[in-house]
Amino acid sequence: MEIKELKNRALAANLALVKHNLVIFTWGNASEIDRENGLVAIKPGGIKYTDMTADDIVIVGLDGRIVEGKLKPSSDTPTHLELYRRFLKIGGIVHTHSRYATTFAQDKKPLPPYGTTHADYFHGEIPCTRELTAEEINSEYELNTGRVIAECHPDPDGVPAVFVAGHAPFTWGKSAMDAVYNSVVLEEIAQMALLMTRKEPVSQALLDKHYFRKHGKNAYYGQNYS
Ligand SMILES: [Zn+2]
């Protein structure tokens, strides 16, 4: 993929976060990786979404070196890069402080699959990381955030989301826009979960039914374009 195209895709995903009311001010960031060339396009740090253009998007290598861009990449870049290094099938990552998903993260609680909206996109509980130690916070904080996510997550392909304890959610997907989509769903199911009074997860059968009719080789939901 051309660098220009990669930047445009990252920009579109970052702007979609605003459109879906998942970010305010400069909170949050989206990135996309070109696996073939080992390049990641990510939002620059502290830039208002309304002012951002494709030229502002920063291109970094998987080792963090800046390949192209005048601005500094988001301070969360080391978290994104660690997730790209550890979760080899993902193509895009989103981090927000959206209200309801962040409430789960601050409560340091996982989100069980309470209904089929959850099961359609996440094949199981959304996990919550452990808290970082003082040492992990004081040295390489953002890299260590990526490490605790990878350490806690049993199924990054089936459950493309996580709560970072005391902080906020990260989601991922096949592309940056796919990760945005998963962020929107996560926010929705987190809100529904907080409104529930009878907190009982769906059965494994219903979870499997809804997940596998949309994902994997036997998926049949929607249109078959292949
Ligand atoms: Zn954050």
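This is a short dialogue on reading the fold of a predicted model.

Reader: Where do I start? How many helices and strands does the protein have?

Author: Begin with the inventory. The protein has eight helices and seven strands. Keep in mind that the model is predicted.

Reader: What does the radius of gyration say about the overall form?

Author: Compare the value with the one expected for a compact globule. For 226 residues that expectation is near 17 Å, and the protein has 17 Å, so the two agree. Along the principal axes, the C-alpha atoms fill a box of roughly 50 × 50 × 30 Å. Buried residues account for 39% of the 226.

Reader: What share of contacts joins residues at least 24 apart?

Author: Count contacts between residues at least 6 apart in sequence. Of these, 65% join residues at least 24 apart.

Reader: Now the sheet. In what order do the strands run?

Author: Read a sheet from one edge to the other. Here the order is β4-β3-β2-β1-β5-β7-β6, in an open sheet with antiparallel pairing. The edge strands are β4 (66-68) and β6 (161-163), and each of them pairs on one side only. From one strand to the next, the twist averages 25 degrees.

Reader: How do I check a pairing, say that of β6 and β7?

Author: Look for bridges. Strands β6 and β7 (residues 169-173) are joined by three bridges in the antiparallel sense. On this pair, Val162 stands opposite Phe170 of β7.

Reader: And which strands pair with β5?

Author: β5 pairs with β1 over four bridges, in the antiparallel sense. It also pairs with β7, again antiparallel, over four bridges. Find His95 in β5: its bridge partner is Asn29. Then find Val94, whose bridge partner in β7 is Thr171.

Reader: Are the faces of β5 covered or open?

Author: Start with the general idea. Side chains in a regular strand alternate between the two faces of the sheet. Now the case. Gly92 and Val94 lie on one side of β5, Ile93 and His95 on the other. All four are buried, and both faces are covered.

Reader: Which helices lie on the sheet?

Author: Take two. Helix α2 (residues 77-86) lies across β1 (29-34), β2 (39-42), β3 (58-61), β5 (92-95) and β7. It runs at about 140 degrees to β2. Helix α7 also packs on the sheet, where it touches β1, β5, β6 and β7. The direction of α7 makes about 135 degrees with that of β7.

Reader: How do I read the packing of α3 against α7?

Author: Use the distance and the angle of the axes. For α3 (residues 99-107) and α7, the axes come within 7 Å and cross at roughly 65 degrees. That angle makes α3 roughly perpendicular to α7. The crossing is left-handed. On the α3 side, the contact is made by Tyr100, Ala101, Thr103 and Phe104. On the α7 side, it is made by Leu186, Glu187, Ala190, Gln191 and Leu194.

Reader: Let me try one residue. Why does Ala193 count as buried?

Author: Count its neighbours. Ala193 has 21 C-beta neighbours inside 10 Å, and the cut-off is 20 or more, so it counts as buried. Ala193 lies in α7 (residues 176-195).

Reader: What does Ala193 touch, leaving out residues up to four places away in sequence?

Author: Ala193 touches Leu111 and Tyr114. Compare Ala119: it is 74 residues from Ala193 in sequence and 13 Å away in space, C-alpha to C-alpha.

Key. Residues are numbered from 1 along each chain as its sequence is written. This is a predicted model: local features need pLDDT of at least 70, side-chain atom pairs count only at pLDDT 80 or more; totals for chains, interfaces and linings use all residues. Helices (H or I, at least four residues) and strands (E, at least two) are DSSP runs, numbered from the N terminus. A residue is buried if 20 or more other C-beta atoms lie within 10 Å of its own, exposed if 12 or fewer, and partly exposed in between; C-beta atoms are placed from the backbone. Two residues are in contact if their C-beta atoms, placed from the backbone, lie within 7 Å. The radius of gyration is taken over C-alpha atoms; the globule rule is 2.2 Å times the number of residues to the power 0.38. Two strands pair if DSSP finds at least two bridges between them. Axes are lines fitted to C-alpha atoms, for helices over the stretch in contact, and angles run from 0 to 180 degrees between N-to-C directions. Angles under 35 degrees count as roughly parallel, over 145 as roughly antiparallel, 65 to 115 as roughly perpendicular and the rest as oblique. A crossing is left-handed if the near helix is turned anticlockwise from the far one by less than a right angle, and right-handed if clockwise.
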